[in-house]
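Visitor: I am new to this structure and would like a close look at a single part of it. Could you walk me through it slowly, and then show me what lies around it?

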Amino acid sequence: MIGFTNKPMRFAALCIMFALLFSLASCSKKSSVDEVSLIGDVTGILYNTDLAETESINGSDSNGQETTGSVGTAEETTGASDNANVTSDEVTAEESTEAEMTSAESLAETTEAETTTLAENNETTETEGETTGNTQSDMISVTVSVRISDKYAEYLIYTINAERQAALDASSETTSADDDGEESGDAESDGENETAEKTETETIELFDIPASERVILSSVTVTVEVGGDGEVSVLDAVTAALSEYGVDYTLDLTGQSISTIAGYEGGTLSYEDSSAVFFWGYSINGVEPSSGRAGTNFVSDGDVILYSLIATSDAVE
């Protein structure tokens, strides 16, 4: 049997059905045609009731069409919603792609910046290395020896002692002249004067330069800074050594040669019947330059300089 969803109608239909069944039971003599007719009526009533209820739920034909239209509208709405969702998904995907591209660009920029920084650091390191290398190459080591030659020492000793002797002789002659001008009463006084002269002559201190004092600097190694012209002169190296070891010196008027070292200076000296002219000369690695002053000849790292007070006719030993 078709079910009813409306409870009042269901109840009414049941009541009618029981009434009809009761009537059938009471009138059993009626023809089967009538029974069939009554059952058909009941069935029709029930069917019509069910149909009415169904129509009340689904609406009339026009309402059905409207419902169908509503369904169609819902489908359109759903389609529109789906389209909106698809569009939203596409927009989200595009935004995500743009974000990824932006992130990739940022990463590329960061990598480029790091690469630039690394390159700058490498350049800085190379510059520092070059600076360190230049600083190291701006200094050279040179070995310097300074001395007076034995010939100069001998001539100087002879000259000084000769001068002292001459001074003594002059003083003695003056004393003798004074004594001659005085009246002497007895021979005893003359004998005392002679004894005084002999005593004074014997007490003269002779000048000497020991061999150990003839060497002023003995193979000292000094570090010399390279000048602005990129060179180190012999004069630069020798004066640096003298200054480092506290030895006094003076330059000549040109400023290109040394005039005195430790009080010793060049010039003309005599020895008995001869004389010689002395000057401060030098050799580089055992070779005396053919020309040039100490300030105009140059040395290199590791060179050995001998600066010596020698005679013009003598080579540097």
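Visitor: In which loop does Glu 272 lie?

Guide: Glu 272 lies in the loop between β7 and β8. Before we look closer, please keep in mind that this is a predicted model.

Let us begin with the backbone at this spot. The phi of Glu 272 is near 55°, a positive value in a residue other than glycine. Most residues other than glycine have a negative phi. Glu 272 counts as exposed because its relative accessibility is 54%, and the cut-off for exposed is over 50%.

Another residue with this kind of backbone angle can be found in the loop between β8 and β9 (298-299), namely Asn 285. Asn 285 is not a glycine, yet it has a positive phi of about 55°. With 45% relative accessibility, Asn 285 counts as partly exposed. A glycine can be added to the tour: Gly 246, just after α6, takes a positive phi of about 70°.

Now step back to the strand that comes before our loop. Strand β7 covers residues 267-271 and contains Tyr 271. The ring of Tyr 271 forms an aromatic pair with Tyr 158, 4.7 Å centre to centre, and with 50° between the planes the pair is tilted. Tyr 158 sits in helix α4, so this pair links distant parts of the chain, 113 residues apart. Tyr 158 is partly exposed, with a relative accessible area of 31%, and Tyr 271 also counts as partly exposed, at 31% relative accessibility. Both tyrosines belong to one aromatic cluster, together with Tyr 152, Tyr 155, Tyr 264 and Phe 278. In the whole structure, a search finds seven aromatic pairs.

On the other side of our loop is β8 (274-284), one of the elements that give two or more residues to the largest nonpolar core. That core has 41 residues, and those with the most contacts inside it are Val 146 and Tyr 307. Other elements that give two or more residues to this core include β1 (139-148), α4 (150-181), β2 (215-225), α6 (234-244) and β10 (304-311). Leaving aside residues up to four places away in sequence, Tyr 307 touches, among others, Val 146, Val 234, Val 238, Ile 258, Trp 280 and Tyr 282. Within α6, the buried residues are Val 234, Leu 235, Ala 237, Val 238, Thr 239, Ala 241 and Leu 242.

From α6 we can cross to strand β2, the place of Thr 221. Thr 221 and Ala 241 are 20 residues apart in sequence, and their C-alpha atoms are 7.8 Å apart in space. Beyond residues up to four places away in sequence, Thr 221 touches Ser 141, Val 142 and Thr 143. In the loop between β2 and β3 (232-233) you will find Val 226, which counts as buried at 17% relative accessibility. Val 226 and Met 139 are 87 residues apart in sequence, but 5.7 Å apart from C-alpha to C-alpha.

Charged side chains make links of their own, and the structure holds two salt bridges. In one, Asp 150 and Arg 214 meet at 3.2 Å, N to O. Asp 150 belongs to helix α4 and Arg 214 to the loop between α5 (187-202) and β2, 64 residues apart. Asp 150 is partly exposed, with a relative accessible area of 40%, whereas Arg 214 counts as buried at 14% relative accessibility. Another salt bridge joins the side chains of Asp 252 and Arg 293 at 3.1 Å, N to O. Asp 252 lies in the loop between β4 (249-251) and β5, and Arg 293 in the loop between β8 and β9, so this pair ties together parts that are 41 residues apart in sequence. Asp 252 counts as partly exposed at 24% relative accessibility, and Arg 293 is partly exposed with a relative accessible area of 41%.

Finally, here is the wider setting. The chain has six helices and 10 strands, and of its 317 residues, 22% count as buried. Among contacts between residues at least 6 apart in sequence, 69% join residues at least 24 apart. When you return to Glu 272, look for it in the loop between β7 and β8, with its positive phi near 55°.

Notes:
Residues numbered from 1 in each chain as written. Predicted model: local features only at pLDDT ≥ 70, side-chain atom pairs only at ≥ 80, totals over all residues. Heavy atoms only, no water. Core = buried A, V, L, I, M, F, W, Y, C linked by side-chain atoms within 4.5 Å. Buried < 20%, exposed > 50% of the residue type's maximum accessible area, 1.4 Å probe, protein only. Helix = DSSP H or I, 4+ residues; strand = E, 2+ residues; numbered from the N terminus. Contact = heavy atoms within 4.5 Å. Phe/Tyr/Trp six-rings, centres within 6.5 Å; stacked < 30°, edge-to-face > 60°. Salt bridge = Lys/Arg side-chain N within 4 Å of Asp/Glu carboxyl O.
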